[in-house]
Amino acid sequence: MTGTEARNLALAAVAFAVVACLPLAGSAYWLAIGVTIAMYTVLATSWALFSGPTHYISLATAAFFGVGSYTTAIGIEHLPYWTLPPIAGVLGAVLAALVGLATLRLSGVYFVIFTLGLAELVRQVIIWFQNVSGTKGLYVLTSITEAHIFWQLTGLAALVYLVGWAIWRSRLGFALRIIGDDEEVARHSGINTAGAKVLLFMVPGAVAAITGAILAPRYVYIEPATAFTPMLSFQVVIMALLGGTSRLWGPLVGVIPFTFLWEAISASFPNQTTLLLGICFLLIVYLLPKGFVGLLQAARKRVETREAWA
Amino acid sequence: MQRRTTLKLAAALLTATMLGGSAYAQETIKLGAVAPKTGPLAGGAAVTHWPNIKLWVEEVNGRGGIDVGGTKMMVEVVEYDDQTNPAETIAAVTRLATQDEADFILAPYSTGLNLAAAPIFDRFGYPQITSTASTDRVAELSGQFNDLFFLLGQNSEIVGDAVEILSKLRDAGTIGNKVAMVNVADAFGIELASTAKPIFEAAGFELVYETSYPLGTPDLSPVMKAAKAADPDAFVAWSYPPDTFGLTEQAIIEQLDVGVFYTAVATAFPAFKGRFGAAAEGIMGIGGVNADSEAFQDYAKRHMDATGAAPDYWASGMMYASLQILEQAITGAGTLDRETVTQYIKDNAFETVMGTVEFDDNNNNPSYWTVGQWQGDAFRGVASTGREGVVDVKLKEGWE
C-alpha cells in the first residue's frame with residue numbers, strides 16, 4: 001500500500017464516520033433522504049463494478065433486490081434478523097452465477113434483454129408459487145427503525161467500496177479492464193473471460209440482494225408487484241451513468257444530485273412527476289454520456305493543456 | 001422623497017402586522033394526501049381515492065371549514081404522487097410530516113402502500129384511517145401501529161358470506177351443488193381463492209371446475225368454455241377489474257346457464273353496469289351499499305355533481321366515510337392535537353354515508369358490506385356484517 005492509498009483510506013474512513021452520524025441529527029426528513037442516497041449508492045456502485053469495466057448493461061438489479069426482500073419476508077418467521085442479509089447475499093450471488101453462466105457468453109443487447117426479463121421471470125415464479133400454495137403478501141413486522149436501516153446500508157456501502165478497491169488492484173480487475181477494451185485480445189492472452197465475468201457479476205447480485213433484505217422491514221408488506229419493480233433497475237443504471245462508471249466514486253456523484261433532483265420534482269410537481277423524470281433521463285443520457293466523472297476529467301484536461309502552453 | 005419613505009415604512013409595518021397575526025392564530029388546516037397518480041394502481045385511485053378528496057374538500061370549504069373548538073378553519077390539501085411505489089409513499093409521507101408540517105395526513109391507497117407508510121404515521125402520531133387496506137392480521141398490526149384504523153373489512157368475512165349465500169340457495173333447493181371457481185393469479189385473487197376453497201368444501205359444495213389465469217390475460221374464452229363444459233350451478237371468480245369485465249363478456253357469449261354468477265373486484269363499479277346494461281342484472285360481487293339510504297343517495301348525487309362520475313358501490317363510500325370520520329373527530333375533540341383526535345376516533349361512533357361506524361378494540365370497523373348484487377340501477381348489499389338495509393338475493397336469470 002502506497003502513502004497516497006493509505007491517506008485516501010483514512011479520509012474515506014473519516015467520511016464514513018461523519019455520514020454515520022446523520023441519524024443523530026434528529027431530522028426524519030433528512031434521514032429518509034439519507035436512506036435513499038445510501039441505498040442507491042450501494043446499488044449503483046456495485047452495478048458499476050461489473051458494468052463499468054465490462055460495458056455489459058445489466059437490468060437485473062430488481063431481480064436480485066426482490067430475491068433479497070423475499071429472503072427477509074420468508075425468513076423472518078423462522079430465523080433471527082441478523083442472519084438474513086448474509087443469506088440473501090449468498091442467494092443473490094448464486095442466482096447471479098447461474099444467470100452469468102447462462103448469459104455472459106451473450107454479448108451486448110442480448111444480455112440487456114435477458115437481465116430485464118430475469119426480474120419478471122423471478123416475479124412470475126413467486127406468483128406461481130403463491131398461487132399453488134395459496135399464500136399471499138408477506139408481513140415483515142419488526143422493531144427495526146430508519147436509523148438502523150441507514151447504518152446497515154452505510155456499512156454495506158463501505159464494504160462495497162473496499163471490495164471494489166480490492167478488485168481494481170487484483171489480477172481479476174486487470175483482466176476485466178482488458179476484457180472491456182477488447183475481449184478478443186483478452187481471450188488470446190489466456191484470460192478465462194467467461195469465468196472472470198461470472199465472478200464479477202456475482203458482486204452486484206449479492207449486494208443488491210443484501211440491500212433488498214435490509215430494506216424489507218421498511219416496507220412492512222412485501223408483494224411481488226412492488227418487490228420486483230423494473231423501475232428500480234432503470235433508476236440504478238441512470239444514476240450510475242449520471243455519475244460515471246470509470247471511477248469507483250463515480251456513481252456516488254450521480255446518486256446524490258439525482259436524489260435531490262427526484263425529491264425536488266416529486267415535491268414541486270405532484271401531477272407531472274413521472275413525465276419530468278422521464279425528460280431528465282433523456283437529458284442526462286444525451287448531454288452527459290460520460291457522466292460527471294467524464295465532465296471533471298475533460299475540465300482537468302483543458303486546464304492541463306492550457307498550463308502546458310503557458 | 002419624504003413621502004415615499006413614509007409609504008415604505010407603512011407598508012413594512014403592515015406586512016409585519018400581517019405576518020405576526022398569522023403566527024398567532026392558524027387559519028387553515030393543512031392536510032396531506034399521498035396516493036398513486038401514475039403506476040399500476042393509478043386507475044383504481046382515480047376512481048376511488050382522489051375524487052372523494054376533491055368532493056370532500058369542496059364541501060368542507062363551501063360550508064366555511066371545519067369547526068375546531070368554535071373556530072371555523074378552512075382546509076388546504078397538499079397532494080403527492082407516490083407512483084404506486086412504497087419507497088415513494090414513505091418519502092412523501094415523511095415530507096408531509098416534516099417539511100410541509102401537515103396537521104393531518106390522509107391514509108394512502110391500497111394495502112401495500114398503507115402498510116409501508118404505517119411506521120411513519122405511527123412515529124409522528126398521525127391517525128391513519130385506511131379505507132382501501134385489507135388484511136387478516138388486524139390485531140397484530142393495530143397492536144404495533146397504534147394509530148392505524150381499518151374500514152374496509154376482512155377477506156375471510158367477504159368470502160364466508162359469499163359461500164353462505166350459495167349455501168342458503170342450495171338448501172332452499174333453488175340451485176344445485178356444483179360450483180365452478182376461478183381466480184386471477186395475483187395477490188388479492190390468490191388470497192380470496194385460497195380462503196374460499198376450504199369453506200366451499202366444508203359447506204359440502206362440489207368444485208366441478210377450478211383454475212387460475214395470469215393477471216392481464218387478454219383472452220378468457222378458454223376459461224369460460226371449460227367452466228361451461230363442467231356444467232356448474234354457480235360460477236364464482238375471484239377476479240380483478242380487467243378480468244371481471246372479460247369473464248362477464250365471455251359468459252354472455254357462451255350464454256353460461258347458472259343460478260349464481262359472481263365476480264369479485266370492479267363488479268361494484270358503475271362502469272360495469274354501463275358496459276353490460278341489462279345483462280348485469282343479478283350479477284354478484286364484493287361490496288354493496290344500502291342503496292335506499294338517504295345518506296348514500298345524497299352522497300352519490302354530490303359525487304356525480306362535483307366530479308362528473310358516480311361513486312363505486314364498494315370502497316368509494318368507505319373512502320368518503322374516512323374523511324367524514326376525520327372531520328367529526330377534529331370537531332369532536334375540538335383541537336388539532338393529533339393524540340387527542342386519535343383517542344376521539346377510538347372512543348366514539350361516527351355518522352357516515354355508509355352508516356354508523358364505531359371501531360372495535362383493534363381499531364377495526366366490524367360492520368361492513370360483504371356481498372352486493374346488481375338489482376335494477378344499483379349494486380345493492382345482499383350480505384353484511386351488521387349493516388342495515390340488506391336486500392334479498394335474486395337468482396341470475398339469463399343474459400338479456
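**Entry 1: a lysine and a glutamate in chain B**

I started with B:Lys225, which forms a salt bridge with B:Glu254; their closest N and O atoms are 3.6 Å apart. This is a predicted model, so I keep that in mind for every value below. I then looked up where the partners sit. B:Lys225 belongs to helix 9 (residues 221-229) of chain B and B:Glu254 to helix 10 (residues 241-254) of chain B, so the pair ties together parts 29 residues apart in sequence. Are the two partners buried or exposed to some degree? I found B:Lys225 partly exposed, at 47% relative accessibility, while B:Glu254 counts as buried at 15%.

While on this topic, I noted a network in chain A: A:Glu183, A:Glu184, A:Arg187 and A:Lys197 are joined into one by salt bridges that share partners.

**Entry 2: other salt bridges**

How many salt bridges does the structure hold over all chains? I get 21. One of them joins the side chains of A:Arg218 and A:Glu146, at 2.6 Å from N to O. Here A:Arg218 comes from helix 9 of chain A and A:Glu146 from helix 6 (residues 146-169) of chain A, so this pair ties together parts that are 72 residues apart in sequence. I checked the cover on both ends. A:Arg218 has a relative accessible area of 7% and is buried; A:Glu146, at 10%, is buried too. The cut-off I needed for that call is under 20%.

Back in chain B, I looked at B:Glu140 and B:Arg137, whose side chains meet in a salt bridge at 3.0 Å, N to O. B:Glu140 is partly exposed at 39% relative accessibility, and B:Arg137 is also partly exposed, at 23%.

A reminder to myself: side chains of opposite charge can pair when their charged atoms come close.

**Entry 3: the largest cavity**

Next I went looking for enclosed space. The structure holds 7 cavities of 30 Å³ or more, and the largest has about 350 Å³ of space. Which residues lie nearest its centre? From chain A I noted A:Thr36 and A:Tyr40, and from chain B the residues B:Asn85, B:Ala87 and B:Glu88; the whole lining has 24 residues.

I wanted to know which elements supply the wall. Those giving at least two residues each are helix 2 (28-54), helix 9 (193-219), helix 10 (224-227), helix 11 (230-243) and helix 12 (250-268) of chain A, along with helix 4 (86-98) of chain B. By class, I have 14 nonpolar, 6 polar and 4 charged residues in this lining.

**Entry 4: the second largest cavity**

The second largest cavity holds about 90 Å³ of space. I listed its lining, which includes B:His49, B:Phe104, B:Ile105, B:Leu106, B:Pro127, B:Met319 and B:Leu326. Strand 4 (104-106) and helix 13 (315-333) of chain B are the elements that give two or more residues to this lining. Which element has the largest share? That is helix 13 of chain B, with 4 residues. The classes come out as 9 nonpolar, 3 polar and no charged residues.

**Entry 5: a nonpolar patch on chain A**

Last, I turned to the surface. A:Leu106, A:Val109, A:Tyr110, A:Ile113 and A:Phe114 make a nonpolar surface patch of about 500 Å². I picked out A:Val109 for a closer look: its place is in helix 5 (residues 109-133) of chain A. Buried or exposed, I asked of A:Val109? With a relative accessible area of 54%, A:Val109 is exposed, the cut-off being over 50%.

Key: Residues numbered from 1 in each chain as written. Chains lettered and ligands numbered in written order. Predicted model: local features only at pLDDT ≥ 70, side-chain atom pairs only at ≥ 80, totals over all residues. Heavy atoms only, no water. Patch = residues over 30% accessible without salt bridge, like charges linked within 9 Å, V, L, I, M, F, W, Y side chains within 5 Å. Areas by Shrake-Rupley, 256 points an atom, 1.4 Å probe, with all protein chains shown as cover. Salt bridge = Lys/Arg side-chain N within 4 Å of Asp/Glu carboxyl O. Buried < 20%, exposed > 50% of the residue type's maximum accessible area, 1.4 Å probe, protein only. 1 Å grid on protein atoms, 1.4 Å probe; cavity = no way out; pocket = protein on both sides within 12 Å on 5 of 7 lines; lining within 4 Å. Points joined across faces, edges and corners; volume = space filled by probe spheres on them. Nonpolar A, V, L, I, M, F, W, Y, C, P; charged D, E, K, R; others polar.
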